[in-house]
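Here is a brief report on one protein model. Start with the sequence and the fold, then read on for the core, the sheet and the cysteines.

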Amino acid sequence: MDERSRALDAAHRAASRFLDSLADRPVWPSASLDEMTEVFGGPLPASGEDAAELVLRMAADAEPGLVAIPGGRFFGYVIGGTLPAALAADWLVSAWDQNAGSSSMTTAAVALERVAGRWILDLLHLPETASVGFVTGAQMSNFVCLAVARRALLERRGWDLNRQGTSGAPPITVVVGADRHGSVDRAARFLGIGSDEIVAVASDEEGRMRPESLAGVLAGVERGLAVVCLQAGEVHSGAFDPFAELIPLAREHGAWVHVDGAFGLWAAASDRLRHLVAGAEGADSWTTDAHKTLNVPYDCGMAIVRRPEDSVAMFRTGGDYLMYSTDDPWDRGPELSRRARGVPVWAALRSLGRSGSAELVERLHTHAQAMAAGLRRIPGVSVIGEVPYTQLMFRLEDDEATRELGRAVLADGTAALTGAEWRGRAVLRCSMSSWATDQDDIERTLAALARLVRAILG
Ligand SMILES: *Cc1c(COP(=O)(O)O)cnc(C)c1O
């Protein structure tokens, strides 16, 4: 075999070994970042090395620093694993090495992304004429959508942002919920919109924006100059903003409405859960991730914009050597050259079909409810809130004991949960996001938690 075939073969074997170990390996890594840096570091060697050999050694050396994210008992952050079809397609994306920025050349890759985008709009019950920009994640999608929103609002005011810039422009106010994801503020900051230009609307105990508070905030903002950022799926409680009440209020005020639904927009794929996103289709732009609920590899977010011409007006570039068509991926986001990250989305959706996509989301919800029910049976544990979707949180009576439980879970290795604060109290979050989680994973996690709670509470 030539060097390339041997290297790919080595990667395949190393990948299979890792994936086969997921059922029983500790979820959290045993080596620290400094220890892993030591393993891989040292000065750059003077001469090169055989690709297959270095790949096998890299994989062996990485072992103690790998997290079992693709396994069934990683419940930290909001992450998700990788469906087999998506993983295999992702390997092909690298092997093909297609630059998916332009439509003029890499026709297969761009067509796969185009079809994936159409399927996504259909599955998420969003307007079929909206544009779908494949970006690295929900953070970048929030950035893209806010950038598009600001330019479009200013255009309606007769201000040409691309020519005149922001200095002296009518001031845009970003209106957010008190429990929005931090990436919304960060996206605003990338655009030169400071925290004083962001107004937070009060939310209820589950984290949903209150309509009467939105009305009050909008009354103090000039008509047509607000971007109202709503949320489908709060990362602690899983709660959804009441879109059907909020969006008409924002519309009356001439605002642009953006919905951050990194993992929550997927509720629309299920007949049983769609009620959670009722009304969200009335927004102007939407953020979602495929690397969360759809379980494709990083990096894959989607920036969805109702009027494709608004994206093009924001992102079209110049350059005599670039070929343009009327429908180029680089018109929907900030990148020019990029990998064909939407191809695994096509593969994931093709492997699931409509029914499998609905079933995946419903299973995550059912598992979250089963985990909540099991937690409620452990003496000393309180589950907070109703668990409407795939996220849940719980705590012990004492905050320090809750934090101690968080550390003990990671050290134990059976499962991974991450801690947070909710309404001033320490909590542990459990995010049900992986296709790989099954009933046995839930039982093993609950057994470990019961044992660790007993040890802490004595
Ligand atoms: C995860 C998440 C983000 C950020 O997504 P990335 O893919 O990590 O960039 C933004 N908003 C919400 C609601 C999220 O859950």
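## Helix α12 and its surroundings

Leu360 is buried, at 4% relative accessibility. The model is a predicted one. Leu360 belongs to helix α12. Beyond its neighbours up to four places away in sequence, Leu360 touches Thr293, Leu294, Asn295, Leu352 and Trp435. Phe243 is 117 residues from Leu360 along the chain, and their C-alpha atoms are separated by 24 Å.

Glu362 lies in helix α12 too. Is Glu362 buried or exposed? Its relative accessible area is 19%, so Glu362 counts as buried, the limit being under 20%. The side chain of Glu362 has a polar contact, at 2.7 Å, with the side chain of Ser270. Setting aside neighbours within four places in sequence, Glu362 is in contact with Ser270, Asp271, Arg272 and Leu273.

The table collects the accessibility values for four residues.

| Residue | Relative accessible area | Class |
|---|---|---|
| Leu360 | 4% | buried |
| Glu362 | 19% | buried |
| Cys300 | 1% | buried |
| Cys430 | 1% | buried |

## Nonpolar cores

How many residues does the largest nonpolar core have? The count is 87. Val345, Leu375, Phe394 and Leu405 have the most contacts inside this core. Helix α12, residues 343-376, supplies the largest share, 11 residues. Leu375 touches Val381, Val383, Leu392, Phe394, Leu446 and Leu449, again not counting residues up to four places away in sequence. Another core lies apart from this one. That core has 30 residues, among them Val144, Ala187, Leu225 and Cys229.

## The open sheet

Next comes the sheet. Its 7 strands form an open arrangement, in the order β1-β7-β6-β5-β4-β2-β3. The pairing is mixed. Which strands stand at the edges? They are β1 (131-135) and β3 (198-201). Each has a single partner strand, so one side of each is left without a neighbour in the sheet. From one strand to the next, the twist averages 20°.

In general, strands of a sheet pair through backbone hydrogen bonds, either parallel or antiparallel. Here β1 and β7 (residues 301-305) run antiparallel, joined by 5 bridges. Within this pair, Ser131 stands opposite Val305 in β7. A helix packs on the sheet: α11, residues 308-315. Helix α11 touches β1, β5 (256-260) and β7. The direction of α11 makes about 110° with that of β7.

## A hairpin

Strands β10 (residues 418-422) and β11 (residues 425-431) also run antiparallel, with 5 bridges between them. Ala420 stands opposite Val427 in β11. The two strands, β10 and β11, form a hairpin with 2 residues between them. Arg423 is in the turn and has a positive phi of about 50°.

## Cysteines

How many disulfides does a search of the whole structure find? The result is 0. Take Cys300, which is in no disulfide. The nearest cysteine sulfur is that of Cys145, 14 Å away. A disulfide needs the two sulfur atoms within 2.5 Å, so Cys300 and Cys145 do not form one. Cys300 is also buried, with a relative accessible area of 1%. Cys430 is buried as well, at 1% relative accessibility.

Key
Residues numbered from 1 in each chain as written. Predicted model: local features only at pLDDT ≥ 70, side-chain atom pairs only at ≥ 80, totals over all residues. Heavy atoms only, no water. Buried < 20%, exposed > 50% of the residue type's maximum accessible area, 1.4 Å probe, protein only. Pairing = 2+ DSSP bridges. Helix = DSSP H or I, 4+ residues; strand = E, 2+ residues; numbered from the N terminus. Core = buried A, V, L, I, M, F, W, Y, C linked by side-chain atoms within 4.5 Å. Contact = heavy atoms within 4.5 Å. Polar contact = N/O pair within 3.5 Å; in protein donor to acceptor, adjacent residues only side chain to side chain. Axes fitted to C-alpha atoms, helices over the stretch in contact; angles between N-to-C directions.
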